[in-house]
Each structure stands twice: as structure tokens, then as C-alpha cells.
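Work through these exercises with the structure in view. Try each task before reading its solution.

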Amino acid sequence: IKELTTIVVDYGDSGLVEGSTEIAAEIKVDNLQVGKRVFPLKVKVTGKINGKKLKVKTWELPFNTRKWQYVEPKDWPLFELSF
């Protein structure tokens, strides 16, 4: 068994710090791309980071077959929350 991604699906620190972070991510498998060896993930991210509301966006995370894991984009808003 291998972990393919460490996407944070739900996170919140409201009440702990000023300018709180509250994130929700909805993950769907893009099974329409039947030619792919592993289906990409569609991740819709909503919430706020450090008190600033995120623009709602759906990201596509491709799968890297060499590393055998999903790849987070460079401007991925949950990068700081990945473990």
C-alpha cells in the first residue's frame, strides 16, 4: 500500500490565531480521461487562508507515474497544509 497524495480535505484554526485559516476541499476522480493510466483528481478548494477569502477554483492534479503520486501545482493554496 502506498500513499498517493497528502491533500488536506478539511482544516481550520479559527479561534487560535488572528486571521484564521479555514479550508474545505472537495475531491473527485476525473474518470472521463479514460486514456490516462491513473485518473487525475479534480479538487475544488474553498475557504480562507490567514483571514483572506480564497477565490473558489477547481484544480486538476495530474498523476506522476515515475514518482507514483499526484502532483500539486506550484500555486497550490494548500501547499502549506500538506504533510
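Accessible areas here come from the Shrake-Rupley method with a 1.4 Å probe. With that in hand, the accessible surface of the protein chain comes to about 6200 Å². Carbon and sulfur atoms hold 52% of that surface. Keep in mind that this is a predicted model.

**Exercise 1. The chain as a whole**

Task: Describe the secondary structure of the protein chain, its buried share and its long-range contacts.

Solution.
- Step 1. Count the elements. The chain has zero helices and seven strands.
- Step 2. Read their order. From the N terminus on, the elements run β-β-β-β-β-β-β.
- Step 3. Turn to burial. A residue is buried when its relative accessible area is under 20%. Buried residues make up 28% of the 83 residues in the chain.
- Step 4. Check the contacts with a separation of 6 or more. Residues 24 or more positions apart account for 39% of these.

**Exercise 2. A bridge between two strands**

Task: Find where the salt bridge partners Lys 48 and Glu 22 lie, and say whether they are buried, partly exposed or exposed.

Solution.
- Step 1. Start with the pair. In the salt bridge of Lys 48 with Glu 22, the closest N and O atoms are 4.0 Å apart.
- Step 2. Place both ends. Lys 48 belongs to strand 3 (residues 41-49), while Glu 22 belongs to strand 2 (residues 22-29). The two are 26 residues apart, so the pair links distant parts of the chain.
- Step 3. Classify each residue. Partly exposed lies between under 20% and over 50%. Lys 48 has a relative accessible area of 28%, so Lys 48 is partly exposed. Glu 22 is at 32%, so Glu 22 is partly exposed too.

**Exercise 3. Bridges and a network**

Task: How many salt bridges does the structure hold, and which residues are linked in a network?

Solution.
- Step 1. Take the total. There are four salt bridges.
- Step 2. Look at one of them, between Lys 28 and Glu 26. Their side chains meet at 3.4 Å, N to O. Glu 26 is partly exposed, at 41% relative accessible area.
- Step 3. Go on to Asp 30 and Lys 42. Their closest N and O atoms are 4.0 Å apart in a salt bridge. Asp 30 is in the loop between strand 2 and strand 3, and Lys 42 is in strand 3, 12 residues apart.
- Step 4. Extend the group. Asp 30, Lys 42 and Glu 60 form a network of salt bridges.

**Exercise 4. The surroundings of Asp 30**

Task: Is Asp 30 buried or exposed, and which residues does Asp 30 contact?

Solution.
- Step 1. Read its accessibility. Asp 30 stands at 10%, so Asp 30 counts as buried. Its salt bridge partner Lys 42 is at 31% and counts as partly exposed.
- Step 2. Find the polar contact. The side chains of Asp 30 and Gln 33 make one at 2.7 Å.
- Step 3. Leave aside neighbours within four places in sequence. Asp 30 is then in contact with Phe 39, Pro 40, Lys 42 and Glu 60.

**Exercise 5. A residue in strand 7**

Task: Where is Gln 69, and what separates its C-alpha atom from that of Val 38?

Solution.
- Step 1. Locate the residue. Gln 69 sits in strand 7 (residues 69-70).
- Step 2. Classify Gln 69. At 32% relative accessible area, Gln 69 is partly exposed.
- Step 3. Take the separation. The C-alpha atoms of Gln 69 and Val 38 are 9.7 Å apart. Along the chain, the two residues are 31 residues apart.

Technical notes. Residues numbered from 1 in each chain as written. Predicted model: local features only at pLDDT ≥ 70, side-chain atom pairs only at ≥ 80, totals over all residues. Heavy atoms only, no water. Helix = DSSP H or I, 4+ residues; strand = E, 2+ residues; numbered from the N terminus. Buried < 20%, exposed > 50% of the residue type's maximum accessible area, 1.4 Å probe, protein only. Polar contact = N/O pair within 3.5 Å; in protein donor to acceptor, adjacent residues only side chain to side chain. Contact = heavy atoms within 4.5 Å.
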